[in-house]
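Trainee: I am new to this structure and would like a close look at a single part, the nonpolar core. Could you take me through that part carefully?

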Amino acid sequence: MREIPKWARRYAQNRTLPMLVFFAIFVVGFAAFGGLSYLTAWAYMTGQRPLAVAAILVLSSFTAWWIWFSFMGGPRIMRRITEHLYRSEGAVSSGPSPDGNITRVSPGVGFVFMFCVLASVGLGLLGVLPIRYMQPISALYVVPFCVYMGIMQQGGGSPFISLWATLYAIHAILLVAGAPIYFGGNWEVLNILVPVIGYGVLAALAVHIYSRYALRRLRKLAASPDMTEARG
């Protein structure tokens with residue numbers, strides 16, 4: 001009986017499918033901020049002022065939606081997704097948050113993170129930051145942001161974020177050290193997409209597999225003779 005709470009907690013912490021959805025939204029948001037910032041800077045530098053104004057308006061609207069999603073709508077949406085994806089496995093919680101593994105981000109931290117994304121993209125377009133090292137530069141604010149999210153989860157969150165951040169940081173270190181993991185020419189965009197998406201998929205797969213193992217252990221313990229006698 002003492003083993004059941006331990007494996008219930010591990011199972012709850014590793015129910016990563018909602019986190020994968022949240023991560024996908026994060027990737028889309030990251031790409032949208034970068035793309036809109038690029039479009040704005042390119043339109044301004046090429047003298048296409050109407051396009052630049054339109055891009056700024058779209059970027060402002062998306063920023064407003066992102067703020068709403070991060071601070072208000074996101075946790076509620078993720079809770080509904082969790083209930084739907086795991087409806088056949090029942091309800092379980094790994095920590096004090098009613099939203100499961102989704103962490104509410106404080107407005108100040110959210111603004112700083114968005115500013116770093118926009119600033120790094122803008123400085124990269126202006127040639128201030130070398131394109132070759134955009135991934136390591138992004139790791140300087142992405143990894144601390146992930147550490148912050150882990151701290152806010154108070155030990156009850158999924159290891160998905162910490163595992164992905166670790167892989168992302170290792171990739172940045174290897175790239176700075178001169179490892180041949182850089183895409184050149186027209187494939188430069190992959191230097192961000194591959195670490196972000198690739199390591200995210202690997203981390204999610206590893207955590208999801210462990211959640212299945214924890215669920216089997218939990219069900220086996222619940223069906224053990226000792227538990228049957230305790231219920232009787």
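**The nonpolar core**

Mentor: In this predicted model, the protein has eight helices and zero strands, and from the N terminus on its elements run α-α-α-α-α-α-α-α. Of its 232 residues, 40% count as buried, and among the contacts with a separation of 6 or more, 81% join residues that lie 24 or more positions apart. With that background we can turn to the core itself. The largest nonpolar core holds 35 residues, and within it Val-142, Phe-160, Trp-164 and Tyr-168 touch the most other members. At least two residues of this core come from each of helix H2 (17-45), helix H3 (49-85), helix H4 (107-125), helix H5 (134-152), helix H6 (160-176) and helix H7 (190-222). In soluble globular proteins, nonpolar side chains tend to be buried together.

Phe-160 is a good residue to follow by eye. Leaving aside residues up to four places away in sequence, Phe-160 touches Thr-16, Met-19 and Phe-23, and also Gly-200, Ala-203, Ala-204 and Val-207. Of these partners, Met-19 and Phe-23 fall within the span of helix H2 (17-45), while Gly-200, Ala-203, Ala-204 and Val-207 fall within that of helix H7 (190-222).

Apart from this core there is a second, separate one of seven residues, which includes Trp-7, Tyr-11, Tyr-86 and Ala-214. As for the outside of the protein, about 12800 Å² is exposed, and carbon and sulfur atoms supply 70% of that area.

Key. Residues are numbered from 1 along each chain as its sequence is written. This is a predicted model: local features need pLDDT of at least 70, side-chain atom pairs count only at pLDDT 80 or more; totals for chains, interfaces and linings use all residues. Side-chain values use heavy atoms; hydrogens and water are left out. Helices (H or I, at least four residues) and strands (E, at least two) are DSSP runs, numbered from the N terminus. Buried means under 20% relative accessible area, exposed over 50%, partly exposed in between (1.4 Å probe, protein chains only). Contact means heavy atoms within 4.5 Å. Accessible areas come from the Shrake-Rupley method with a 1.4 Å probe; for residues, only the protein chains shown count as cover. A nonpolar core is a set of buried Ala, Val, Leu, Ile, Met, Phe, Trp, Tyr and Cys residues joined through side-chain atoms within 4.5 Å.
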